Amino acid sequence: MIAKILATLLPVFLISGAGTLYGYFRRPDIRSLNTLNMELFVPMLVFAVLADGDAPLADYGLLALSGAIIVLGSGLLVWPVVKWLRLEPKTFVPPMMFNNSGNMGIPLLILAFGEQALPAAIVLFIAEMLLHFSLGVKMLSPHTPLWRLFRMPMMLASFAGLIVNICNIPLPAWLLEALHMLGGVCIPLLLFALGVRMLDIDFGDWKTGLLGAVLCPLSGLVLAWPLIVVFDLQGLQAASLWVFAALPPAVLNYLVAEQYRQQPQSVASLVLIGNLGSLLVMPVVLGLVFAHVMPSVG
């Protein structure tokens, strides 16, 4: 299991490292790269995942609700700590809420529990992503009108994909394949851009990054247990929620911070150190899940 986790996490650090190396010699225009990713490639990936029809979304309502509560509840739990330590809430709180459910959560769940975990992984990804590009953007830019949020490519792609999935609208295989290929560009591009931004990080603030690496999974795990009990989640859905709750900050936190100029260097540090910390957190969480949750799966 440790080998599987490393096989999932190591590419994250290798691609980020490649961005750091390239950025050291070339200094590319990373803002333009991030804009292209946010307005084109990421929305394509979201729509392709939702519209593909692989996930019976109607059967995962309580799991989606649980994921949303973990996202929102994590912000509430860390808020007193942020105020006590006099940290910048707009910089610190969003990475604690919006976790790496896409480029780490989906592959990690599939590696851990097999292809049968794909629907749960997609549903949790959707819940986190919709909140990130609505509430998350509103947190960084409070004066942004709500109608502008719903015009964002990410939101439009999410709603369009949900409609296609729920209404069971068939799409041509060639169209889905093209969308998957273009959307697949976004994950390595996100990591590459993060690596470039690493050159601007002040590692003198490593204590804040380490605090985030602890609080992000801890706040999620504290919320996961009562949700599993109250909603009576069983088997793979319960196991998937445990893993989702323990995920580190999403790379997209850096992308959004970059776009809204909310201390992207500090956010990048939170993301990088948080994902490094997952090398220690995820083996423990998966070990507990296999010991106490997976035996109940028929």
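This is a short tour of one helix, its surroundings and a few individual residues in a predicted model.

Some ground rules come before the details. Because the model is predicted, local features need pLDDT of at least 70 and side-chain atom pairs count only at pLDDT 80 or more, while totals for chains, interfaces and linings use all residues. Residues are numbered from 1 along each chain as its sequence is written, and side-chain values use heavy atoms, with hydrogens and water left out.

**Helix α3 and its cover**

Let's start with α3, which runs over residues 61-85. Helices here are DSSP runs of H or I with at least four residues, numbered from the N terminus (strands are E runs of at least two). How far should α3 span? At 1.5 Å a residue, its 25 residues should span 36 Å, and the end C-alpha atoms are 37 Å apart, which agrees. The expected span is 1.5 Å times one less than the number of residues.

Still, α3 has a kink of about 35° at V78, shortly before the proline P80. That bend is the angle between axes fitted to the seven residues ending at a residue and the seven starting there.

Plenty of α3 is tucked away: among its buried residues are L63, G67, I70, V71, G75, V78 and V82. Buried means under 20% relative accessible area, exposed means over 50%, and partly exposed lies in between (1.4 Å probe, protein chains only). The cover over these buried residues includes α4 (89-97), α6 (118-140), α11 and α12 (235-245).

One piece of the picture is V93, which sits in α4. V93 counts as buried because its relative accessibility is 2%. Leaving aside residues up to four places away in sequence, V93 touches G75, V78, W79, V82 and M139, where contact means heavy atoms within 4.5 Å. V93 and L77 are 16 residues apart along the chain, and their C-alpha atoms are separated by 9.7 Å.

**Helix α11, inside and out**

Helix α11 covers residues 206-230 and holds T208. Is T208 buried or exposed? With a relative accessible area of 18%, T208 is buried. Its contacts, not counting residues up to four places away in sequence, are L87, F92 and L270.

L218 is in α11 too, but at 45% relative accessibility L218 counts as partly exposed. Together with L77, V214 and V222, L218 forms a nonpolar patch on the surface, with about 330 Å² of accessible area in total. The largest share of that patch, three residues, comes from α11. Patches are made of residues with over 30% relative accessible area and no salt bridge; like charges are joined within 9 Å and nonpolar side chains (Val, Leu, Ile, Met, Phe, Trp, Tyr) within 5 Å. A salt bridge is a side-chain nitrogen of Lys or Arg within 4 Å of a carboxyl oxygen of Asp or Glu, and the areas come from the Shrake-Rupley method with a 1.4 Å probe, where for residues only the protein chains shown count as cover.

**Positive phi values**

Most residues other than glycine have a negative phi. Here are two residues that go the other way:

| Residue | Phi | Place | Relative accessibility |
|---|---|---|---|
| N168 | near 55° | loop between α8 (153-166) and α9 (173-183) | 65%, exposed |
| R261 | about 55° | loop between α13 (252-259) and α14 (264-292) | 65%, exposed |

R86, just after α3, also takes a positive phi, of about 60°.
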